[in-house]
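Visitor: I'd like to know how the labels people put on a model are earned. Could you walk me through this one, label by label?

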Amino acid sequence: MKQWKMRVESLFGRLAAHIFTHPVLYLLAVLVLTAALASQLRHLYFDTSTEGFLSPHHPSIQLYNAFREEFGRDELIVVGVETDDILDLQFLATFRALFEQLEREVPFTNTVDAMINARYVHGDGDELIVEDLFEQWPQNADDIAKIRARIERSALYPGLYMSRDHKLATVVIRLRYLEPEPGETFKDSRVKLEQEITESLEAVKHIVEPFRERGFTIHIAGSPVVSDLLKWAMVTDMQTFMKWVVLINAVLLFLLFQRFSAVIYPLVAVILSVVATISLMAIFRQPLQLPTAIVPSFLLVVGIGDSIHFLSLFFAEFNRHGDKKQALVDAMEHAGLAMFLTSLTTAAGLGSFVGANLLPVANMGIFTAIGVMLAFGLTVIVLPALLTLTPLKPHARHASPHTSPLIDRVIDRAIHLSYHYPKSIIITSVVLLVVSCALASQMRFTHNPLVWLPDSLAVKQSIVAVDEQLGGSVSVEILVDTGQEHGLYDPDLLRKLDAVCAELAAFKTDAFAVNKVLSITDLLKESNRALHGNDEAFYQVPDTRELVAQELFLLELNGADDLYRLVDREYRTARITLTIPWIDTLLYNPLMDSLQDRFHQHLGDRITVQVTGLVPLLGSTLDSVIRSAAQSYAIAILVIGVIMMFLLESPKLGLISMFPNVLPIAMIMGLMYLGNVPLDMFTMLIGSIAIGLCVDDTVHFMHHFRRYRDKGLDVQSAIRETLHTAGRAMIVTSVVLACGFIVLLLSEMNNLNHFGLYSALCILFALVADFLLAPALMVMLARRER
């Protein structure tokens with residue numbers, strides 16, 4: 001063994017001896033530091049918004065914020081009411097009562113619109129009249145027939161305020177745009193915004209419930225509803241995960257060591273690391289988002305592994321001779337370096353996400369890596385200190401599950417197979433790797449937050465119902481900048497704009513069709529028809545620049561709010577809104593990839609076209625998922641490979657040792673493809689996290705194997721001693737990790753179910769690889785050298 005390893009192991013031993021001498025001092029230092037960090041938890045907040053997936057400095061977010069500053073928020077809360085005929089007089093009376101209560105009582109709104117107050121434009125001689133569709137409340141069938149005729153003449157109402165079959169009427173609530181106050185931090189702005197959305201949704205739910213009790217089928221939909229639902233699922237999952245992980249860890253620790261101290265003390269160490277890590281997120285004003293919501297339970301699962309390795313060696317020594325101080329020193333010398341290296345490789349795997357373009361993924365990489373190292377540091381301090389202060393008696397050796405006959409048989413079988421059939425194991429592993437890589441290369445990427453939620457949720461069913469009946473409820477916003485003030489007075493430009501809008505309205509693929517296209521040309525065509533005696537032949541853009549300017553002036557006088565949702569106040573930039581169904585972001589590509597070209601083909605290159613809104617943000621998120629997955633996998637393998645080369649003091653051994661770690665990940669990716677599980681924001685984490693965890697067992701195996709080889713043992717004996725000592729702890733820690741990830745199957749979200757299941761399988765595959773493939777590689781390497 002190299003001198004540096006001996007020095008480091010000796011240093012760990014001296015640390016244990018010093019803690020044994022001053023346990024209270026160390027514990028007080030840990031508690032004071034943790035309490036100081038925890039005092040900042042008040043700054044922690046949640047963020048499940050679509051824009052929260054990307055950094056505030058991302059170009060897509062900056063464009064989106066600029067759009068909202070000019071035109072307001074594009075997210076809508078849509079309240080849909082089902083009936084046989086929305087123009088039934090009895091239904092209309094109830095719908096008006098619901099609309100008026102929503103308009104009156106929902107806070108933080110910009111506008112509340114429905115067919116009740118939808119704009120109706122018509123002419124009376126030379127006068128342009130803009131009034132509500134239901135300006136005069138209908139009293140009989142003739143009045144209803146007139147309103148029905150008005151609806152059929154307008155392209156604005158269907159798909160927005162009602163379904164095309166007139167069986168769904170909607171109330172569209174536009175929330176106000178909350179502009180950050182001078183000096184206000186991004187965190188404070190997000191917290192205020194989330195609070196406003198929550199209060200608005202609670203008010204909507206409170207208002208709707210009595211109408212539901214009267215037998216009305218009412219749905220609440222829109223992107224704020226999805227974000228609120230994801231936040232509810234995230235908070236619920238966090239509480240569920242932590243309770244179950246603590247319970248499972250406690251049971252397994254008790255079964256393993258049969259001492260209450262060996263149950264409580266490791267949990268104390270990892271819980272302190274969780275508190276410290278979450279406190280650091282609060283200090284740096286980083287939110288809890290969907291991926292980072294698993295950080296607490298993840299640290300509870302991963303952090304317990306160091307405790308198992310340390311306590312396994314400590315109680316083995318203590319049960320043998322009863323000298324607590326010597327047992328602590330021996331355990332720390334033997335396991336301290338390996339614990340540090342396994343924590344380092346786990347942190348390296350997680351740290352590979354630091355450069356991700358996805359804000360929650362990058363934060364998860366940063367803070368879980370820090371948390372893993374904190375868990376290591378607290379384990380090597382808190383456990384020796386608490387064990388020093390606790391009266392302990394040696395147990396009989398057979399009382400430990402370490403000597404389970406079943407585990408002994410498993411280990412002996414692994415030794416026999418890896419030593420006597422190394423070629424067969426290696427060839428089989430290579431075939432599995434090739435096949436798995438071939439399958440994994442065909443995996444598809446996806447991003448659709450709505451799919452993460454189970455179909456059984458009533459709220460999701462409402463979102464889907466509104467989306468299907470309206471034809472779409474998520475938006476694409478296109479900004480057409482003419483480059484000059486009053487540039488939108490140009491009738492030729494407006495006619496070309498109208499042509500491209502008509503082309504987009506007819507867009508359809510096998511996956512979806514555009515539901516609705518809204519632009520300034522719709523208002524101009526309506527006003528032009530009205531000013532020409534309501535003649536349908538004049539439902540077109542005015543012929544001259546002067547007429548365009550005149551009609552825009554009249555529209556401004558009669559309804560500036562409606563007008564300035566579609567143009568800026570300088571008449572330089574037009575806003576075109578497309579609404580489409582909520583589907584997998586990847587399926588939007590045929591439309592999104594052609595938008596810029598379509599507008600430039602019609603309008604020319606002198607016009608600046610920018611695309612923003614909810615759908616482009618989802619697209620940017622998917623693009624970041626793809627880039628981050630490739631980047632993080634490459635970084636994780638590279639960094640961990642370098643660490644293994646350094647640990648094993650040989651580039652060749654370091655590269656060889658990566659084989660048992662890459663194989664399980666490739667196999668899992670292959671299984672995911674066969675199980676039709678795509679790569680999304682969560683499943684993309686599996687590879688980098690898994691390689692950081694899987695390599696832990698490899699580190700322990702290689703560390704102990706080299707240690708026994710340096711003592712003069714032959715290969716077979718070194719494998720036997722390694723698997724009968726460190727191998728037992730490897731089995732236990734792998735089972736603990738797998739059980740911890742299996743807890744994610746209790747999640748309300750489908751993507752977390754996949755993440756938990758395949759992560760658990762990957763850990764178990766890695767254990768098998770370290771018991772068979774790693775020893776087989778060492779046997780073949782030794783034979784070749786000999």
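Guide: Sure. Let's start with one word: buried means under 20% relative accessible area, while exposed means over 50%. Bear in mind that this is a predicted model.

Visitor: Which residues of H1 are buried by that cut-off?

Guide: In H1, these are Lys 5, Glu 9, Phe 12, Gly 13, Ala 16, Ala 17 and Ile 19. They cover an arc of only 165 degrees around the axis, so they sit on the same side of H1. Over on the other side, Gln 3, Arg 7 and Arg 14 are exposed.

Visitor: What do the buried residues of H1 pack against?

Guide: Five helices: H2 (23–38), H10 (324–351), H11 (359–389), H19 (614–648) and H21 (685–710).

Visitor: How do you know that the length of H1 fits a helix?

Guide: Take 1.5 Å a residue: the 19 residues of H1 (residues 3–21) should span 27 Å. The end C-alpha atoms of H1 are 27 Å apart, which agrees.

Visitor: And how does H16 do on that check?

Guide: H16 (residues 520–531) has 12 residues and should span 16 Å. Its end C-alpha atoms are 17 Å apart, which agrees.

Visitor: What makes you call H16 largely enclosed by the rest of the structure?

Guide: The count: 12 of the 12 residues of H16 are buried, so the description follows. Charged names are in there too, including Asp 522, Lys 525, Glu 526 and Arg 529. After the helix comes Gly 533, whose phi is positive, near 70 degrees.

Visitor: What does Ile 520 touch, apart from its neighbours within four places in sequence?

Guide: Ile 520 is in contact with Leu 494, Leu 497, Leu 552, Leu 563, Leu 566, Val 567 and Ala 574. Ile 520 and Phe 599 also touch the most other members of the largest nonpolar core, which has 273 residues. Helix H23 (residues 750–785) gives that core its largest share, 18 residues.

Visitor: Let's do rings. How many aromatic pairs does a search of the whole structure find?

Guide: The search finds 20. One of them joins Phe 67 and Phe 71.

Visitor: Why is the pair of Phe 67 and Phe 71 called tilted?

Guide: The centres are 5.7 Å apart and the planes make 35 degrees. Stacked needs under 30 degrees and edge-to-face over 60, so an angle in between counts as tilted. Both residues lie in helix H3 (residues 59–71), 4 residues apart, about one turn of the helix. Both are buried as well.

Visitor: What makes Phe 314 and Phe 315 an edge-to-face pair?

Guide: Their ring centres are 5.0 Å apart and their planes stand at 70 degrees, so the pair is edge-to-face. Phe 314 and Phe 315 are both buried. Ring pairs also link them with Phe 257, Phe 310 and Phe 318 into a cluster.

Visitor: Where does the charged end of Arg 96 sit?

Guide: Over the ring of Trp 137, 3.9 Å from its centre. Likewise, the charged end of Arg 569 sits over the ring of Tyr 564, 4.2 Å from the ring centre.

Visitor: Zooming out, what share of the 786 residues of the chain counts as buried?

Guide: That would be 58%. The chain has 23 helices and 10 strands, and its C-alpha atoms fill a box of roughly 105 × 50 × 50 Å along the principal axes.

Conventions. Residues numbered from 1 in each chain as written. Predicted model: local features only at pLDDT ≥ 70, side-chain atom pairs only at ≥ 80, totals over all residues. Heavy atoms only, no water. Helix = DSSP H or I, 4+ residues; strand = E, 2+ residues; numbered from the N terminus. Expected span 1.5 Å × (residues − 1). Buried < 20%, exposed > 50% of the residue type's maximum accessible area, 1.4 Å probe, protein only. Phe/Tyr/Trp six-rings, centres within 6.5 Å; stacked < 30°, edge-to-face > 60°. Lys NZ or Arg CZ within 6 Å of the ring centre and 35° of its normal. Arc of directions from axis to C-beta. Contact = heavy atoms within 4.5 Å. Core = buried A, V, L, I, M, F, W, Y, C linked by side-chain atoms within 4.5 Å.
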